[in-house]
Amino acid sequence: MLNMTCLLTRDLQPIPQVRVFSQSVYHHLITVDCISLCSGRRSSERRFHGAVVLCLGLLSVFLLAGLISLGVHYADLSTIKANLTERLQASDNKLSSVSAERDLLNASLTEKTKELDKLQSLSKEKKTCPAGWTMFSSACYLLSGGTGSWDEGREDCRNRGAHLVMIDSVKEQTFLFGFTKKRTWIGLNDKDVEGTWKWIDGTPLTLMNWAETQPDNGGGDPKFGKEDCAHIIPDITRWNDLSCESAMPWICEKIA
């Protein structure tokens, strides 16, 4: 019995020691964990604060770069504005100068026009035509006393310091239809190129007053031959082409 008791006592003695050791270890582990946890929290806080500071620093750099860029842009805009203002002022000055020159030119033109009108008026008063000639507008006209071919009429006018009449206005044409009552040569022909009518000085034909179906170059009838010269027909107030060898009167024209 005693031996059993001693055995049990001996066996049970280490148990409290184990329990005590386990509690010590437990407390030690808890202490270590608390210290590690607190240290970890402080380290995380330091890393967080560092990240915040870094972000704020980068943001400051970006803001500074933006301000510098805006400053440069504003400086460029100011330069452009100054250049535009300068150019606008120069344009205004040039426009004012041009306007002043225009006014001077207009005044000079008005004065010259008045002088020209006076000279033309005096010129008309002094202009006269030779005896036997009729004045119309600023030219003198002569109706031949005889008849002849177109070439004979041209030569007669040349000898008089004139030329076969050239019609360049409706007013002149109306005057000529009243100036002669006969079919009369005028200074129009297509001798050089058939169908290309020109005045005696080579001027192309612009005003036209041909009779119906004319000019027809004789209509292909041999008895009429080539019709390369023109004459006026007062009774129908029209023009016609005829053989240049036909005989009829002519009208000479020269400047008064």
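## Exercises on two pockets and a helix

Strand E8 gives three residues to the lining of the largest pocket, the largest share. The structure is a predicted model, so to speak of it is to speak of computed values.

**Exercise 1.** Work out which residues lie closest to the centre of the largest pocket, and which elements line it.

*Solution.* Start with the space itself: the largest pocket holds about 270 Å³. Next, look at its 19 lining residues, where Met166, Ile167, Asp168, Glu172 and Glu253 come closest to the centre. Then turn to the elements: strand E2 (139-143) and strand E8 (251-255) are those that give two or more residues to this lining. Finally, sort the lining by residue type, which yields nine nonpolar, five polar and five charged residues.

**Exercise 2.** Describe the second largest pocket in the same steps.

*Solution.* Its space comes to about 160 Å³. Among the residues that line this pocket are Trp150, Arg154, Asp190, Lys198 and Trp199. Helix H3 (150-159) and strand E5 (198-199) each supply at least two lining residues. By type, the lining splits into four nonpolar, three polar and five charged residues.

**Exercise 3.** Find the buried residues of helix H4 (residues 170-179) and name elements that cover them.

*Solution.* Apply the cut-off for buried, under 20% relative accessible area. Glu172, Gln173, Phe175, Leu176, Phe177 and Phe179 are the buried residues of H4. Now see what covers them: strand E1 (134-136), E2, strand E6 (229-233), strand E7 (238-242) and E8 are included. To link back to the first exercise, Glu172 is buried in H4 and is also one of the residues closest to the centre of the largest pocket.

Technical notes. Residues are numbered from 1 along each chain as its sequence is written. This is a predicted model: local features need pLDDT of at least 70, side-chain atom pairs count only at pLDDT 80 or more; totals for chains, interfaces and linings use all residues. Side-chain values use heavy atoms; hydrogens and water are left out. On a 1 Å grid over the protein atoms alone, a cavity is a set of points where a 1.4 Å probe fits but cannot get out, and a pocket is an open set with protein on both sides within 12 Å along at least five of seven lines; lining residues have an atom within 4 Å of a point. Grid points are joined across faces, edges and corners, and a volume is the space filled by probe spheres set on the points. Helices (H or I, at least four residues) and strands (E, at least two) are DSSP runs, numbered from the N terminus. Ala, Val, Leu, Ile, Met, Phe, Trp, Tyr, Cys and Pro count as nonpolar, Asp, Glu, Lys and Arg as charged, and the others, Gly among them, as polar. Buried means under 20% relative accessible area, exposed over 50%, partly exposed in between (1.4 Å probe, protein chains only). Contact means heavy atoms within 4.5 Å.
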